[in-house]
Amino acid sequence: MGIKKRDGIFGLSVIGIGLILMLAMNVYGKTPGNQIKITADGTVYGIYSLKVNQKIEITEEWGHNHIVIKDGEAYMEDADCPDGYCEQQGKISKEKETIVCLPHKLVVEVITAEEENTGDSNSGNDSYDAGEETDVAEDEAAAPDVIAK
Ligand SMILES: [Zn+2]
């Protein structure tokens, strides 16, 4: 199937839908998440644990965003987008909550990964590897180089 040139428009639509979902999800699901997924321009930029206090600096050609994870919550600390709306969206920590920076095509979404089963975290000093990057595999069915005859 051919991919049409509507990808750009589609990407914007996805962000728009994300915004709507954000509003909807504020009413519904209140399940605590344990990771955030950052999507930049429709591509997964990275996945970060909410249990690790950290600062994520994202610099794209159109600007930068500084996302902070602190005490299990993520928020947009700083961004140089024209509207600054993402900084006003507050802290997110519940599954499917999002922060959207429309001018920078950036979406931060809380997700739940199966990294723990017991919801009770009374350990004070887990040594998570904060620097580890979680790469999302995107290599689907690449064309074979060699065709056996
Ligand atoms: Zn913004």
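**Exercise 1.** Which residues does glycine 72 touch, not counting residues up to four places away in sequence? Locate glycine 72 in the predicted model and classify its exposure.

*Solution.*

Step 1. Glycine 72 lies in the loop between β4 and β5.

Step 2. With residues up to four places away in sequence set aside, glycine 72 touches Leu50, Lys51 and Ser93.

Step 3. For the exposure, count the other C-beta atoms within 10 Å: there are 16 around glycine 72. A residue is buried at 20 or more such atoms and exposed at 12 or fewer, with partly exposed in between. Glycine 72 is therefore partly exposed.

Step 4. A C-alpha separation completes the description: glycine 72 and isoleucine 92 are 20 residues apart along the chain, and their C-alpha atoms are separated by 8.7 Å.

**Exercise 2.** Describe the secondary structure of the chain and the order in which its elements occur.

*Solution.*

Step 1. The chain comprises 1 helix and 7 strands.

Step 2. Along the sequence, these elements follow the pattern α-β-β-β-β-β-β-β.

Step 3. Two further values characterise the chain. Of its 149 residues, 20% count as buried. Among contacts between residues at least 6 apart in sequence, 45% join residues at least 24 apart.

**Exercise 3.** Determine the strand order and the pairing of the sheet that contains β4.

*Solution.*

Step 1. The sheet is open, has 3 strands in the order β3-β4-β5, and shows antiparallel pairing.

Step 2. Its edge strands are β3 (54-60) and β5, each of which pairs on one side only. The twist from one strand to the next averages 20°.

Step 3. Consider β3 with β4. These strands pair in the antiparallel sense over 7 bridges and form a hairpin with 2 residues between them. Two of the bridge partnerships can be named: isoleucine 56 is partnered by isoleucine 67 in β4, and glutamine 54 by isoleucine 69 in β4.

Step 4. Consider β4 (residues 63-70) with β5 (residues 73-79). Their antiparallel pairing runs over 6 bridges, and lysine 70 has glutamate 73 in β5 as its bridge partner.

Step 5. Examine the turn of this second hairpin. There are 2 residues between β4 and β5, and aspartate 71 takes a positive phi near 50°.

**Exercise 4.** Determine the strand order of the sheet formed by 4 strands, and identify its edges.

*Solution.*

Step 1. The 4 strands form an open sheet in the order β2-β1-β7-β6, with antiparallel pairing.

Step 2. The edges are β2 (43-49) and β6, each pairing on one side only. On average, neighbouring strands of this sheet are turned by 15° against each other, direction ignored.

Step 3. Within the sheet, β1 and β7 pair in the antiparallel sense over 6 bridges. One named partnership is that of lysine 37 with glutamate 109 in β7.

**Exercise 5.** Is leucine 106 buried or exposed, and which residues does it contact beyond its neighbours within four places in sequence?

*Solution.*

Step 1. Leucine 106 is placed in strand β7.

Step 2. There are 26 other C-beta atoms within 10 Å of leucine 106. The threshold for a buried residue is 20 or more, so leucine 106 is buried.

Step 3. Leaving aside neighbours within four places in sequence, leucine 106 is in contact with Ala40, Ile58, Asn65 and Cys101.

Step 4. Leucine 106 and aspartate 41 are 65 residues apart along the chain, while their C-alpha atoms are separated by 6.3 Å.

**Exercise 6.** Characterise the largest nonpolar core and the surroundings of alanine 74.

*Solution.*

Step 1. The largest nonpolar core has 18 residues; those touching the most other members are Ile36, Ala74, Met76, Cys86, Ile99, Cys101 and Val108.

Step 2. Assign the core to elements. Two or more residues are given by each of β1 (35-40), β4, β5, β6 (98-101) and β7 (106-111). The largest share, 4 residues, comes from β7.

Step 3. Turn to alanine 74. Apart from neighbours within four places in sequence, alanine 74 is in contact with Ile36, Leu50, Ile67, Val68, Ile69, Lys91, Ile92 and Val108.

Note on methods
Residues are numbered from 1 along each chain as its sequence is written. This is a predicted model: local features need pLDDT of at least 70, side-chain atom pairs count only at pLDDT 80 or more; totals for chains, interfaces and linings use all residues. Two strands pair if DSSP finds at least two bridges between them. Axes are lines fitted to C-alpha atoms, for helices over the stretch in contact, and angles run from 0 to 180 degrees between N-to-C directions. Two residues are in contact if their C-beta atoms, placed from the backbone, lie within 7 Å. A nonpolar core is a set of buried Ala, Val, Leu, Ile, Met, Phe, Trp, Tyr and Cys residues joined through C-beta atoms within 7 Å.
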